[in-house]
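Reader: I have a model open and would like to talk through the terms used to describe it. Could you take me through the reasoning behind them?

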Amino acid sequence: MKLSEIPTPALVVDAAAMQRNIDRMAAYFAGRACKLRPHFKAHKTPEIARRQLLAGQCTGLTCATVGEAEVVVAEGIETEILIANEVVGPGKAARVAALARRSRIVVAVDSEYGAADLAEAARAAAVEIGVVVDVNVGMPRCGIAPGEDAVALAGRVAETPGLLLRGMMGYEGHVVGIADRADRAPRAEKTMERLLSTVELARGRGLPVDIVSAGGTGTYDITGALEGITEVQAGSYVLMDTAYARLDLPFEQALSVLATVLSRPRPEQCAADAGLKACAVDHGNPEVKGVPGASVLFLSDEHATIALPGECVLAPGDRIELWPSHIDPTINLHDVLYAIDGDEVVATWPVAARGYIEQRGR
Ligand SMILES: Cc1ncc(COP(=O)(O)O)c(C=O)c1O
């Protein structure tokens with residue numbers, strides 16, 4: 001199949017650029033104490049996860065949901081999975097326990113409620129579930145307060161039958177996107193002090209803290225260079241997006257939304273068939289690849305309305321590519337990724353974990 005034959009809208013991956021990103025990240029962690037645990041949520045695509053693991057330097061995979069972990073296990077990917085997120089809600093702990101029968105699973109916990117729920121499911125299934133205590137390092141989302149609160153929770157996990165305390169995590173999502181490294185690095189380091197001092201406190205109380213997990217694409221070589229961090233949970237680096245491309249990172253944009261021009265109603269404007277149902281805009285409108293002077297005005301359900309310079313020759317039927325601003329929610333909108341080498345489609349990779357898989361069953 002040729003690029004020109006792909007039905008649009010569609011996601012295309014420059015397979016060589018993606019592989020260079022994978023290799024660059026693996027090269028960074030080679031020879032370091034800290035390793036990589038690539039975040040599966042970025043792409044939800046087993047074929048990409050396999051390539052990330054094959055490149056080496058990985059402690060396992062990171063997942064955001066139980067459903068993602070289920071897909072990884074169902075695909076036969078043998079590695080340790082960290083669900084770097086709280087698992088709370090009906091049936092979820094039992095699903096984690098079922099996974100723990102087949103694979104090595106570690107789950108983030110930030111409350112006694114969450115720990116008790118997991119422990120009960122683990123005991124019912126006669127398994128042990130690994131736990132990392134999720135420490136709030138400043139991002140206003142999940143995570144227990146650093147220091148005594150986190151250590152107390154770790155202590156309770158350690159003495160709870162069915163749970164195995166593996167370590168601690170803290171995601172500095174509020175600093176990973178800071179554009180200027182000179183600003184990003186000290187803020188990330190300061191943020192990580194909250195995690196590292198909590199780890200020290202826990203160890204001082206005799207608690208086993210083997211995993212110290214943190215970091216993202218914007219901080220992989222800042223957080224990843226700190227003594228005491230054992231792994232980095234970066235995800236976006238593998239395909240990149242325009243938000244991360246603004247940072248000074250050595251990774252290439254490898255994912256674009258392929259679209260067809262539907263209409264050129266005016267010289268200064270065209271409409272293409274990639275709208276909100278093909279491309280997420282939470283980090284801004286996508287950018288038009290390789291068309292000088294073109295810029296996306298807005299997306300509606302099935303359309304991208306694009307401003308064009310008058311001399312641009314784009315006409316109905318022509319193809320364009322859009323760089324998404326945020327890959328995770330964009331990929332989640334698609335069933336497959338088309339891996340391309342120039343004009344050739346070399347593979348079609350199912351986005352096997354897209355959506356909420358419990359809604360359609362497996
Ligand atoms: C818990 C957690 N870890 C790591 C990441 C890193 O992802 P990325 O490399 O895409 O910044 C994220 C992204 O949102 C996250 O939520």
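Reader: Happy to start with the overall layout. Into which domains is the protein chain divided?

Author: Good place to begin, and keep in mind that this is a predicted model. The chain is split into domain 1, made of 3–9 + 250–356, and domain 2, covering 60–229. Between the C-alpha centres of domain 1 and domain 2 there are 35 Å.

Reader: What makes E2 and E3 the edges of their sheet?

Author: Start from the strand order, which is E2-E9-E8-E7-E6-E5-E4-E3 in an open sheet of 8 strands with parallel pairing. Strand E2 (35–36) and strand E3 (61–63) each have a single partner strand, so one side of each has no neighbour in the sheet.

Reader: How do you know that E5 and E6 count as paired?

Author: The requirement is at least two bridges between the strands. Strand E5 (residues 105–109) and strand E6 (residues 129–134) are joined by 4 bridges and run parallel, so by that cut-off they pair. Within this pair, Val109 sits opposite Val133 of E6.

Reader: Which strands pair with E15, and in what sense?

Author: Strand E10 (residues 255–266) pairs with strand E15 (residues 319–323) in the antiparallel sense over 4 bridges, and there Thr260 faces Arg319. Strand E12 (residues 287–288) is also antiparallel to E15, over 2 bridges. Because at least two bridges are needed, E12 qualifies as a partner too. In that pairing Val288 lies opposite Leu322.

Reader: What joins E16 to E1 and to E17?

Author: With E1, strand E16 (residues 336–341) shares 4 bridges and runs parallel; Asp14 has Ile340 of E16 as its bridge partner. With strand E17 (residues 344–350), E16 shares 6 bridges and runs antiparallel, and Tyr338 is bridged to Thr348 of E17. E16 and E17 form a hairpin with 2 residues between them, and Gly342 in the turn has a positive phi of about 65°.

Reader: Why is H4 called oblique to H5?

Author: Helix H4 (residues 92–102) and helix H5 (residues 112–124) pack at about 45°, with axes 8 Å apart. Angles under 35 degrees would be roughly parallel and 65 to 115 roughly perpendicular. The H4 and H5 angle fits neither range, which makes the two helices oblique. Their crossing is right-handed.

Reader: And why is H6 called oblique to H7?

Author: The argument runs along similar lines. The axes of helix H6 (residues 148–158) and helix H7 (residues 181–204) come within 9 Å and cross at roughly 45°, so H6 is oblique to H7. The crossing of H6 and H7 is right-handed.

Reader: What makes the backbone at Lys44 worth a mention?

Author: Phi of Lys44 is near 55°, a positive value in a residue other than glycine. Lys44 belongs to the loop between E2 and helix H2 (46–54).

Reader: How do you know that the peptide bond between Thr8 and Pro9 is cis?

Author: Omega is about 0° for the cis bond joining Thr8 and Pro9. Pro9 falls in the segment before strand E1 (10–14).

Reader: Last one: how does the shell around the ligand divide into nonpolar, polar and charged residues?

Author: There are 5 nonpolar, 7 polar and no charged residues in the shell. The residues around the ligand include His39, Tyr171, Val176, Gly216, Thr217 and Gln233. Gly counts as polar and Tyr as nonpolar, so Gly216 goes with the polar group and Tyr171 with the nonpolar one.

Conventions:
Residues are numbered from 1 along each chain as its sequence is written. This is a predicted model: local features need pLDDT of at least 70, side-chain atom pairs count only at pLDDT 80 or more; totals for chains, interfaces and linings use all residues. A residue is near a molecule or strand if its C-beta atom, placed from the backbone, lies within 6 Å of it. Domain bounds come from an automatic or database domain assignment. Axes are lines fitted to C-alpha atoms, for helices over the stretch in contact, and angles run from 0 to 180 degrees between N-to-C directions. Angles under 35 degrees count as roughly parallel, over 145 as roughly antiparallel, 65 to 115 as roughly perpendicular and the rest as oblique. A crossing is left-handed if the near helix is turned anticlockwise from the far one by less than a right angle, and right-handed if clockwise.
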